[in-house]
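Reader: Could you take one part of this entry and describe it closely, giving the cut-offs for each term as you go? I would prefer one connected account to a list.

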Amino acid sequence: MLRWEIRKLLRTPWLGGCLGIVVVSWSIILYFAAQTDSARYLDKLPSFWSVIGSLTLGLIILAFLMKLFVLDEEHHVKEVVQTTKFGKRTIFHVRLASIMLFTSGLVCVFVFIQLSLFFIFNSFEYAMDDIMNGLFFQAILYVWLGSMGFALFGAFFSTITKSQAATIIIVGILFGLTYPLRGDMLAPFSFLWFLEKGFFSYLMRATREVLTDANLLPVFVWYISLLLLMAGLTIMIQKRRHER
Amino acid sequence: MILSIKQLSHRFKNVQALQQINFGMTAGIYGLVGPNGAGKSTLMRILADIILPTEGQVLFNNRDITTLGMSYREKLGYLPQEFNGYTHFTAEEFLRYVANLKGLPKSEEQVRVAELLELVGLDDVKKRKLKGYSGGMKRRVGIAQALLNDPSILILDEPTAGLDPNERIRLRGILSKLAKDKIIILSTHIISDVESIADEVVFLKEGKIIQKECPKTMIESLRNQVWSFIIPEGELAYYADEYPIINMHQQQSRVEIRCIAKQQPHPKAVNVEPRLEDMYVYHFKRS
């Protein structure tokens, strides 16, 4: 089953186009950074995730992965799927597993793009430790955790609303709020603080501020609570079979 | 193998979709017939365990289907009223996908998919994406997916919608062959689809069963009550008010009509062979 769900995801048109945009934008940034000095060029490496990487990853998750949860409804296949041996619960779990696997794969592809282009445009001498240090791997871990959380949040949301358009608009806005809001100017745990940190993009951006934030625990608690709440709502809605 | 419906009722907000439905089914073909909104699709969705009834239960071999879960679903084949299939999949891929969800072993999957594509006459276009399929072709894919697991209970909601006459005849043939050891329930607006193959026809009206019999018995009950005659056009309004008109055929200034009446409605009226369609009109036209 997992194989088929992954195959559905791989069939999405424009996925290659989105990855192309990442490659082109990152190449341009690196090309101009390579015209400066070695310290500046090295500084550019972690900045991959702050906008290009996180934004495109979020967009791909929203636009392509969430389709898996509304496709049955859109193509009038929902009742066919529901009446098959494994039933909707198993298929829902398989779909969750497939988006998690696919998201992990995407993070790997993004890391590959980040590193390979960095080495292509590199005209400076670096020790390997300068590039692949603890912060580099910590950033990948945060991006992976954030994108997992975001993919699950989006999956629950689209299962509840049964609409990809609603998911893209509402979850997209929540995801995007972290970019215009300035975290260091917000009062902790205020409404705007939640909007800035609250919907996984904060973690996915893996900026130096995030990586060195000593007070990340409340953010993780909030993410876990948010996911549990959405999972609870989804289970409740999935169980409902009394149509009225 | 017995599928029985007991005291089944279902209510949507302000609409009573089904009221106190009771009947049992063993292997054979059962045709659900009724106008739009009669409750056919609701009944089928309850039988497919998609929705829970407000009252009553459906028993399969004396066990409530809602408690059977997977063991009921693996015996079930279902075609919903609206079905499209994933448009970016080919027919073959879509059927293999559903076969996978139905738990068919991989070795069996390809053979079964090939068999069914041939059965529904789509093997020459199996590599074409579903977005290029006509409505009738998609319907045939829908029928094929319902048959994938060789189900004991086959529920087809308007399977002939969009099929051309040849395809309808082919489907009737397929269903007749399958009916030996399966419970096949199909709903339709096209009376001739059930007339020739159904073992029992169930007329549903406003959520209630108004008649449930073998088609032959139903037709027999109308013997000597179906008439055909020609009248001047001006008299049509009178006859249309008085009798359920089944068919009208304009012939210049005259009209040939076919109607149901207990007694000869016109001196020149002649008795004609009744059909199941006459019974449908008898029950539903006045409403």
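Author: What follows is about chain B, taken from its contact with chain A to its strands and then its domains.

This is a predicted model, in which local features need pLDDT of at least 70 and side-chain atom pairs count only at pLDDT 80 or more, whereas totals for chains, interfaces and linings use all residues. Residues are numbered from 1 along each chain as its sequence is written, while chains are lettered from A and ligands numbered from 1 in the order in which they are written.

The contact between the chains takes 26 residues from chain B and 21 residues from chain A, two residues being in contact if their C-beta atoms, placed from the backbone, lie within 7 Å. On the side of chain B that touches chain A, the elements that give two or more residues are helix 3 (70-73), strand 6 (76-79) and helix 4 (91-101) of chain B; here helices (H or I, at least four residues) and strands (E, at least two) are DSSP runs, numbered from the N terminus. Helix 4 of chain B has the largest share of that side, with four residues. By class, the side of chain B that touches chain A divides into 14 nonpolar, seven polar and five charged residues, where Ala, Val, Leu, Ile, Met, Phe, Trp, Tyr, Cys and Pro count as nonpolar, Asp, Glu, Lys and Arg as charged, and the others, Gly among them, as polar.

Turning to the strands, strand 1 (residues 3-12) of chain B pairs with strand 4 (residues 55-60) of chain B in the antiparallel sense over five bridges, pairing being assigned if DSSP finds at least two bridges between two strands. In this part of the chain, B:Ser9 stands opposite B:Glu55 of strand 4. Strand 4 of chain B also pairs with strand 5 (residues 63-64) of chain B, antiparallel and over two bridges, and B:Phe60 has B:Arg63 in strand 5 as its bridge partner. Strands 4 and 5 of chain B form a hairpin with two residues between them, and B:Asn61 in the turn has a positive phi of about 50°.

An automatic or database assignment supplies the domain bounds, and for chain B it gives domain 1 (3-214) and domain 2 (222-284). The centres of these two domains of chain B, taken over C-alpha atoms, are separated by 35 Å, and nine residues of domain 1 are in contact with six residues of domain 2. Strand 9 of chain B gives the most to the side of domain 1 that touches domain 2, with three residues.
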